[in-house]
Amino acid sequence: MQYQVVYQPNAQDVLDVREGLRHFNEPFVSHLKETEVAVYALDEKGERIGGVISRLWGNWMHVLYLWIDPAYTGKGIGSDLMVKVEAEAVSFGCKTVMVDTFSFQARPFYEKLGYQCQMTIDDVPGDGDEFHFLTKRLNHPV
């Protein structure tokens with residue numbers, strides 16, 4: 001048996017492991033729908049000034065990325081993006097959302113939107129930082 005350490009693995013290196021894991025998981029999750037959804041905020045020129053990218057999988061949405069141009073923060077754009085992507089998740093059949101965020105990012109923002117912290121890991125990515133995992137139950141129309 002040999003082992004190989006690779007720093008900065010290329011796309012194929014990552015794909016090899018990812019596909020192996022997907023093959024293993026397939027019998028357990030192949031019946032679940034899966035897609036990604038993005039919602040963007042555009043300025044008056046049609047330029048992207050923010051966006052959210054999420055993975056919808058089964059009855060879960062995982063917020064992968066949320067970004068707002070610093071010139072536009074504090075104007076409700078982030079909240080609007082989250083409301084819109086959560087509505088997409090509901091229409092897909094999702095019941096719960098998960099997001100992760102660092103202490104220097106947006107935990108209070110997500111909590112204001114109804115997210116609850118489920119777990120915090122200390123000293124990630126550096127000493128004194130924290131990594132938070134938050135979830136929220138989605139409201140479904142009656």
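Here is a short walk through the two largest pockets of this structure. The model is predicted, so to speak of its local features a pLDDT of at least 70 is needed, side-chain atom pairs count only at pLDDT 80 or more, and totals for chains, interfaces and linings use all residues. Residues are numbered from 1 along each chain as its sequence is written, and side-chain values use heavy atoms, with hydrogens and water left out.

Let us begin with the largest pocket, which holds about 410 Å³ of space. A pocket here is an open set of points on a 1 Å grid over the protein atoms alone, where a 1.4 Å probe fits, with protein on both sides within 12 Å along at least five of seven lines; lining residues have an atom within 4 Å of a point. Its volume is the space filled by probe spheres set on the points, which are joined across faces, edges and corners. Of its 23 lining residues, Leu66, Trp67, Ala106, Phe109 and Tyr110 are the closest to the centre.

Two or more lining residues come from each of β3 (60-68), α2 (77-92), β4 (96-102) and α3 (107-112). These elements are DSSP runs numbered from the N terminus: helices (H or I, at least four residues) and strands (E, at least two). Strand β3 gives the most, with six residues.

Now turn to the second largest pocket, with a volume of about 350 Å³. Among the residues lining this pocket are Arg18, Arg22, Glu26, Arg55 and Trp57. Here α1 (11-29) and β2 (48-57) each give two or more residues, and α1 provides the largest share, six.
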